[in-house]
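Visitor: I should like to learn how to read a structure such as the one shown here. May we go through it feature by feature?

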Amino acid sequence: MSSRRSRQSSGVPRITDDQIIELVSKLRQLLPEIRDRRSDKVSASKVLQETCNYIRSLHREVDDLSERLSQLLATIDADSPEAAIIRSLIM
Amino acid sequence: MNPDHHSSLNPSSSLKSRFTKTFLRSLIKINKQRPFPYCPREIFQRCHRVKTAADKSLARAAGSRRVWSRAMLCKIRNRSLRRGCQQRPSVRRIIIGYQTTKKGYCLQKKMSDDQEVGTDQASKLRKLVPGGEAMDLCSLLDEAAHYIKCLNTQVQVMRRIADIHSS
């Protein structure tokens, strides 16, 4: 335990700034708004903010879609043939 | 590495197919259990079950190598354990211990002024990504990127299923 603790304070690989910049730019590629703007001057904090907003909007979409699906579930009669159709269409 | 029988060059397509298969199976199961919910409470419960099934299928399809998928599955399992009124504190302790010690430590990296990455925003992001509290900043950004990719797939597939069934 103590050896692990001392290893943590001295031998921990420092997170380099380059790594963070690389990860931030990777995130930037995924965000639709920033990607379309094509400017290199987007700050890292803006990227984080947009990431949070995007994740929140995706969560909301999932909630809406699951509500819609739960209402539609009652209208499904024969499940297996339709499920096979869906699988073939999507994949 | 890839458990699918047909090898796919594009990893996101196999994620999509794994998610679709698992999610459809759970939808059919939900429909069989209670085909016609007639009171608002049951309707709400069914909606919640669909959402949980979607999250669980996504986490399973993403694989256990990602921290966020493991954290999401643990959360769902804990919730179902609590609901079943099985008071098993030892199980919960093990799961929490696994989550926080997996990365070994929880770093709050002190950013220099020219870094521009606010710890405030990082903490907001930690709350949104499952398992984000126990990650250092580097892993948090990495996991967030993968999480967004998987969420996109989830939304795409669910929208397709809803469109097919509503037409």
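Guide: Let us begin with one pair of side chains. Asp142(B) and Arg66(B) form a salt bridge, with 3.4 Å between the closest N and O atoms. The pair links distant parts of the chain, for Asp142(B) lies in helix H6 of chain B and Arg66(B) in the loop between H2 and helix H3 (67-83) of chain B, 76 residues apart. Salt bridges with shared partners join Lys26(A), Arg66(B), Asp142(B) and Glu143(B) into one network.

Visitor: Before we continue, how should the model and its numbering be understood?

Guide: This is a predicted model, in which local features need pLDDT of at least 70 and side-chain atom pairs count only at pLDDT 80 or more, while totals for chains, interfaces and linings use all residues. Residues are numbered from 1 along each chain as its sequence is written, chains are lettered from A and ligands numbered from 1 in the order in which they are written, and side-chain values use heavy atoms, with hydrogens and water left out.

Visitor: What is a salt bridge, and how many does the structure hold?

Guide: Side chains of opposite charge can pair when their charged atoms come close. The term is used here for a side-chain nitrogen of Lys or Arg within 4 Å of a carboxyl oxygen of Asp or Glu. Over all chains, the structure holds eight salt bridges. In one of them, Asp142(B) pairs with Lys26(A), and the closest N and O atoms are 3.1 Å apart. This pair crosses between chains, from helix H6 (residues 137-166) of chain B, which holds Asp142(B), to helix H2 (residues 17-30) of chain A, which holds Lys26(A).

Visitor: Are Asp142(B) and Lys26(A) buried, partly exposed or exposed?

Guide: Buried means under 20% relative accessible area, exposed means over 50%, and partly exposed lies in between (1.4 Å probe, protein chains only). Asp142(B) is partly exposed because its relative accessible area is 25%. Lys26(A), at 40%, also counts as partly exposed.

Visitor: Which residue forms a salt bridge with Lys46(A)?

Guide: The partner is Glu50(A), and the closest N and O atoms of the two are 3.2 Å apart. Lys46(A) and Glu50(A) are four residues apart in helix H4 of chain A, so about one helical turn separates them. Lys46(A) is partly exposed, with a relative accessible area of 29%, whereas Glu50(A) is buried at 9%.

Visitor: How are the helices of the two chains arranged along the sequence?

Guide: Helices (H or I, at least four residues) and strands (E, at least two) are DSSP runs, numbered from the N terminus. Chain A has five helices and zero strands, in the pattern α-α-α-α-α. Chain B has six helices and zero strands, and its elements run α-α-α-α-α-α from the N terminus on. Of the 91 residues of chain A, 34% count as buried; of the 167 residues of chain B, 44% do.

Visitor: What span is expected of a helix, and how does H3(B) agree with it?

Guide: The expected span is 1.5 Å times one less than the number of residues. The 17 residues of H3(B) should therefore span 24 Å, and its end C-alpha atoms are indeed 24 Å apart. Buried residues in H3(B) include Trp68(B), Met72(B) and Leu81(B). Helix H2 (residues 40-62) of chain B has 23 residues and reaches 33 Å from its first C-alpha to its last, close to the expected 33 Å. Gly63(B) follows H2(B) and has a positive phi, near 95 degrees.

Visitor: Where in chain B is Arg46(B), and is this residue buried or exposed?

Guide: Arg46(B) is found in helix H2 of chain B. With a relative accessible area of 3%, Arg46(B) is buried. Its C-alpha atom is separated by 8.5 Å from that of Arg34(B), twelve residues apart along the chain.

Visitor: Which residues gather in a patch of positive charge?

Guide: Patches are made of residues with over 30% relative accessible area and no salt bridge, with like charges joined within 9 Å and nonpolar side chains (Val, Leu, Ile, Met, Phe, Trp, Tyr) within 5 Å. Lys and Arg count as positive and Asp and Glu as negative, while His and the chain ends are not counted. The place of a charge is taken as NZ of Lys, CZ of Arg, CG of Asp or CD of Glu. On the surface, Arg56(A), Arg60(A), Lys124(B) and Lys127(B) gather in such a positive patch. Helix H4 (44-73) of chain A and helix H5 (119-128) of chain B each supply at least two residues of the patch. Lys124(B), in helix H5 of chain B, counts as partly exposed at 38% relative accessibility.

How values were computed: Areas by Shrake-Rupley, 256 points an atom, 1.4 Å probe, with all protein chains shown as cover.
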